[in-house]
Amino acid sequence: MIKKFIKGHISKFLNLWQQELELKKEQANPIDSMLRNYLKENKALGSNDRKLFTDNVYKLVRHKVYLDTISPKPLSWEGRLDTIYTEKFATQRKNTSILPHVRASCPKELFDVLCDSFGEEKAIEICMAQNLRAPLTVRVNPIKISREELIQKWRDANKFAIKPTEFSPYGITFTTDKNENLYELPEFKRGYFEIQDEASQLAAFKVKCQIGDHVLDYCAGAGGKSLAFAPYLRGTGQIYLHDTRDYILLEAKKRFNKAGIQNVQFQTQESLNNNKNKLLKKFDWVVCDVPCTGTGTLRRNPDLKYKFSRNRLKYFVDLQASVFKEALPFVKPKTGKIVYSTCSLLQEENIFQITKFCKEFNLEIVDGKHFQTIPSKDVEMDGFFCAVLQFKN
Ligand SMILES: C[S@@+](CC[C@H](N)C(=O)[O-])C[C@H]1O[C@@H](n2cnc3c(N)ncnc32)[C@H](O)[C@@H]1O
């Protein structure tokens, strides 16, 4: 039984979220940032209450499409919440008179696009997997500590239930659904690890840079990918981090300092433009981790599914093409590589883009096939896509 007091907060918060979404549509504030602000302003919610509050908010957002059909009318957040804890919540999933996108709790427009990419059966499986809680995974910074040492340290302290990730050699996954506040740990403050999904780690490791290489991370954001591949350079060569948002590069700078990585430069749009003539055709690796619909990360960001539309998809497809075109001239013509990645599941943003780029710019896929993870019953990772391209000789 959830206390009335918490139910009241859940309902109040979700009404605010719904208003924000109706008013600002795709420009609405992300739900995680709205949650942080709400909790800051509502100190009466203690730490146990907060977990219950947050977990139920996410559940309601994930399952809203389904709940809107099976909950008592008129709809209310209290009514939807009560429905989650009834038998009906499980049994109606199998009711084939309810439309597939509703049973999978996915807005129709997104579901149809997922069906175009994967077919209906797989689309349902993906949506159901994306309605689960995301695993909490960290990437160990080998400059400071090995994965084995950090696992041992945490196991000795009997601190967490953890396991090494299966595919990334640097990942550790937390196996309980407790909300661990990892940012407060001394190991985090010392730069021993960063929070990063395993699929994102694997995409970053596709940048197989070597000693002395020059790398341009063209859409660096707060540096998540660069932090992962930087140790390959062993302090040699140089990584240039560029983004159109100046403030995010300041965040990246702090993270690199903490990680003990110094062979980096931060380039705003203006400074990259000023240095352009010097830098064109100079990079062994250019990384294009482009803005996208984020449809591979719906477990973490379930609100994104309500911002999706075919128009928004077209906006991202066009933006990705123009970012790729801007970044390509920085690649060394004969030996350089460009890595294109998204956290989208959609063929329009992934394989269709790559096929188009190869044709238009005389490129080919190298390093085997493209890499793609798709959340499902058996795949706990986010959905990521990545391909390494090189000019045809
Ligand atoms: C998917 S995020 C990057 C995440 C980051 N690479 C990481 O691993 O943490 C995409 C980034 O592209 C940036 N961006 C948007 N338009 C851009 C453009 N025209 N040129 C470069 N970066 C751009 C955004 O500001 C955003 O930080």
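Which residue in strand 3 is the bridge partner of L136? Select L136 and look across to strand 3, where the partner is F174. Before going further, note that this is a predicted model, in which local features need pLDDT of at least 70, side-chain atom pairs count only at pLDDT 80 or more, and totals for chains, interfaces and linings use all residues. Residues are numbered from 1 along each chain as its sequence is written.

**The four-stranded sheet**

Select residues 136-140 and 171-174, which are strand 1 and strand 3, and you will find them paired in the antiparallel sense over four bridges; strands (E, at least two residues) and helices (H or I, at least four) are DSSP runs numbered from the N terminus, and two strands pair if DSSP finds at least two bridges between them. Now select T173 in strand 3, because this residue has T137 opposite it and K163 opposite it as well. K163 leads to strand 2 (residues 162-164), which runs antiparallel to strand 3 and is joined to it by three bridges, while a hairpin of six residues connects strand 2 to strand 3.

Show the whole sheet next: it is open, with four strands in the order 2-3-1-4 and antiparallel pairing. Strand 2 and strand 4 (193-195) stand at the edges with a single partner strand each, so one side of each has no neighbour in the sheet. On average, neighbouring strands here are turned by 30 degrees against each other, direction ignored; the axes are lines fitted to C-alpha atoms, for helices over the stretch in contact, and angles between N-to-C directions run from 0 to 180 degrees. Add residues 147-156 to the selection, and helix 10 appears lying across strand 1, strand 2, strand 3 and strand 4, running at about 165 degrees to strand 2.

**Two helix pairs**

Move to helix 3 (residues 47-62) and helix 5 (residues 77-84), whose axes come within 10 Å and cross at roughly 95 degrees. That angle makes helix 3 roughly perpendicular to helix 5, where under 35 degrees counts as roughly parallel, over 145 as roughly antiparallel, 65 to 115 as roughly perpendicular and the rest as oblique. To see the contact, select N56, K59 and L60 in helix 3 together with W77, R80, L81 and I84 in helix 5; residues are in contact if their C-beta atoms, placed from the backbone, lie within 7 Å.

Then select helix 8 (residues 108-118) and helix 9 (residues 120-130), which come within 7 Å by their axes and cross at roughly 120 degrees, and are therefore oblique to each other. F111, L114, C115 and F118 in helix 8 meet E120, K122, A123, I126 and C127 in helix 9.

**The seven-stranded sheet**

A second stop is the open sheet of seven strands, ordered 7-6-5-8-9-11-10 with mixed pairing. Its edge strands are strand 7 (264-267) and strand 10 (363-373), each pairing on one side only, and the twist averages 15 degrees from one strand to the next. At the strand 10 edge, select strand 11 (residues 384-391), which pairs with strand 10 in the antiparallel sense over seven bridges, and find I365 opposite L389. Helix 18 (residues 351-361) lies across strand 9 (337-342), strand 10 and strand 11, at about 175 degrees to strand 10.

**The ligand**

Finish at the ligand, which 14 residues surround, the closest being C219, G221, G224, K225 and D289; a residue counts as near if its C-beta atom, placed from the backbone, lies within 6 Å.

Notes: Two residues are in contact if their C-beta atoms, placed from the backbone, lie within 7 Å.
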